[in-house]
Amino acid sequence: MTRFVTAAGMKGLEALCAGAGVSYWEMMETAGQSAAAILAEKWPMAGRRVLVLCGKGNNGGDGLVAARALAERGARVTAALVMGPPATGEAARALSLLPPQVEVAEGPAAAEALCREAELIVDGVFGTGFRGSVPEGLRPLFRAARESAAPAAALDLPSGVEADTGRWEHCIPAELTVALGAWKPAHLVNWREEYSREAALGSIGAPREAEEAFDGWLEAPDPAWIRENRPRRSHTGHKGDNGRLLLVAGSRPYPGAALLAAASALRSGVGYLRLASVEKVLTAAAVRSPEAIHLPCRETAEGAISRESLPELLEAARGSDAVAAGCGMTPGPDTLAIVEALLGQEKPLLLDADALNVLAGRAELLKKAACPVLITPHPGEYARLAGLDPRQVGNNPFSGEYTMAKDFGITVLLKGFVTGITGPGGRRAFHFGGCDGLAKGGSGDVLTGLLGGLLARGLPPERAALWGAWAHGRAAQLAAADHSRDAMLPSMLPDYFGRAFLEAEQERP
């Protein structure tokens, strides 16, 4: 797994280092020297004209240390104080230690002119604390740096990029970014190449005991984890050995959600899919997914699955290895009755969409579940379930508000631009793949079918959620490469699962 920290987490790690005897100045010195060493490996420094853009904070201080270190390697360095003199004691010390051969320029206009002469631009304007938009007065400089023939290297993050979200409006795209001390979310998001072609991990001199004591580490799956944790098939097995999934989904008004989930489940590798739904859905499924076995359900007047079908549903659940429910079911008392009954059976249960919506105000039912539970809300659904104001949750997957998994003893997969998975023990992992082409109705239904199939194949909920998020996201990237992020459709995704599975199966040394 790849370890990373949020911007707030990085502050916590630095505080632990300081408590372990490594001063903030020593961290700055190590960071600047480490970055300079990495830059010198990529670009020969002897005689190279290097422009170091320094902000007034500690990121600028890192830049000033790097300016000194690059000059010691033979570069002709100019340090530009683009926001005026340093505002922190450590950065002021770094400025005072510049050797005479390092020229110092002040102000964005002077730096803008120097961009035309530079052979390498080192960006140390903003660090992990940056939020929002680049000040108007700096935008001409950022434009000049982008338009310069010189490559750019960023210290920690390209200035103008938010550490926790990867959002940016104006930035200095980097050929190489040196992440200082730890990876941040912006180094991992799927659109990172928009602002950083390559990234390397630099050091702040953190003692091993501080890193081991730090409780703010977060994890993301790396290729090794994906290969090692993929679902496996037996060469001598039969369909029953590969999992039996009961999918309870769809209604007369919303047949498409069930069809998407069923097609996805069948591509998950599951051996046997039983689709429980109303007549309209099953008629369409006979054509779209002929491999599925049908469980016809009685309907309410509105065309939803009726609670009168509960005896058949519970009997089917007993004969299955996992159950997934919610896609297109419509909210209402019958859906609530079905969800409550499914929470009382013993097989792993995935709840999505309307199966979650009916639990708003009744989330305590999840705590009483007799089975392992995986839920897949988006932030709005999570807020309703948890009884929170949506503004408390926002769109920050790293928010401390996401405690339902540990509180209720369930697994939560939180959808969004970053997928967050939290297990019943509170352990959190995040998936940064996929693309914005998934921001279309139906993508969640496809995810439900895939995750349900993985649960039926025997993957524990946390592992199924994380591995399934990867496969879903990878399929989206492959679909976008063939059709564009704009024109790709959720219904295309199951056809790309095969390529994702093949990638995961490739053995590498």
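Visitor: Is T236 buried or exposed?
Guide: This is a predicted model. T236 sits in the loop between α8 (223–228) and β10 (244–248). The cut-off for exposed is over 50% relative accessible area. T236 has 75% relative accessibility, so T236 counts as exposed.

Visitor: What distance separates the C-alpha atoms of T236 and V446?
Guide: T236 belongs to the loop between α8 and β10. Along the chain, T236 and V446 are 210 residues apart. In space, their C-alpha atoms are separated by 29 Å.

Visitor: How many helices and strands does the protein have?
Guide: The C-alpha atoms fill a box of roughly 85 × 45 × 45 Å along the principal axes. Within the protein, the secondary structure comes to 20 helices and 18 strands.

Visitor: What percentage of the residues in the protein is buried?
Guide: The protein has 509 residues. A residue is buried at under 20% relative accessible area. By that cut-off, the buried portion is 57%.

Visitor: What part of the exposed area do carbon and sulfur atoms supply?
Guide: The protein exposes about 20,700 Å². Of that area, carbon and sulfur atoms supply 50%.

Visitor: How far apart are the centres of the positive and negative side chains?
Guide: There are 51 positive side chains and 58 negative ones. The centres of these two sets lie apart by 3 Å.

Visitor: Which helix gives the largest share of the largest nonpolar core?
Guide: This core has 100 residues. V248, L351, L359, L366, I375, W467 and L493 touch the most other members. The largest share is twelve residues, and the helix that supplies them is α19 (residues 461–487).

Visitor: How many residues make up the other core, with M45 and V102 among them?
Guide: This core lies apart from the largest one. L176 and V178 are also among its members. The count is 44 residues.

Visitor: Which residues does L493 touch, not counting those up to four places away in sequence?
Guide: L493 is one of the core residues that touch the most other members. Sequence neighbours up to four places away are set aside. The residues touched are L438, V446, H472, A475, A476, A479 and M488.

Visitor: Is T335 buried or exposed?
Guide: T335 is found in helix α12 (residues 333–343). Leaving aside neighbours within four places, T335 is in contact with M329, T330, D354 and V358. The relative accessible area of T335 is 2%, so T335 is buried.

Visitor: Which residue has its backbone oxygen 2.7 Å from a polar atom of the T335 side chain?
Guide: The residue in question lies in the loop between β13 (322–325) and α12. Its phi is near 75 degrees, a positive value in a residue other than glycine. At 14% relative accessibility, it counts as buried. The backbone oxygen is that of T330.

Visitor: Is D156, with its positive phi, buried or exposed?
Guide: D156 is found in the loop between β6 (152–155) and β7 (174–180). Its phi is about 75 degrees, although D156 is not a glycine. The relative accessibility is 7%, so D156 counts as buried.

Visitor: Which residues of helix α15 are buried?
Guide: Helix α15 spans residues 379–386. Cover for its buried residues includes α13 (354–357), β15 (373–375), α16 (390–393), α17 (404–408) and β16 (411–414). The buried residues are P379, E381, Y382, A383 and L385.

Visitor: Which residue with a positive phi follows α15?
Guide: The phi in question is near 70 degrees. The residue is G387.

Visitor: Which residues does L282 touch, not counting those up to four places away in sequence?
Guide: L282 is found in helix α10 (residues 279–288). At 6% relative accessibility, L282 counts as buried. The residues L282 touches are L275, S277, H294, L295 and P296.

Visitor: What is the C-alpha distance between R76 and A113?
Guide: R76 lies in strand β3 (residues 76–81). Beyond neighbours within four places, R76 is in contact with G47, R48, R49, V50 and E119. R76 and A113 are 37 residues apart along the chain. Their C-alpha atoms are separated by 16 Å.

Methods:
Residues numbered from 1 in each chain as written. Predicted model: local features only at pLDDT ≥ 70, side-chain atom pairs only at ≥ 80, totals over all residues. Heavy atoms only, no water. Helix = DSSP H or I, 4+ residues; strand = E, 2+ residues; numbered from the N terminus. Buried < 20%, exposed > 50% of the residue type's maximum accessible area, 1.4 Å probe, protein only. Areas by Shrake-Rupley, 256 points an atom, 1.4 Å probe, with all protein chains shown as cover. Lys, Arg positive; Asp, Glu negative; His and termini not counted. Charge placed at Lys NZ, Arg CZ, Asp CG, Glu CD. Core = buried A, V, L, I, M, F, W, Y, C linked by side-chain atoms within 4.5 Å. Contact = heavy atoms within 4.5 Å. Polar contact = N/O pair within 3.5 Å; in protein donor to acceptor, adjacent residues only side chain to side chain.
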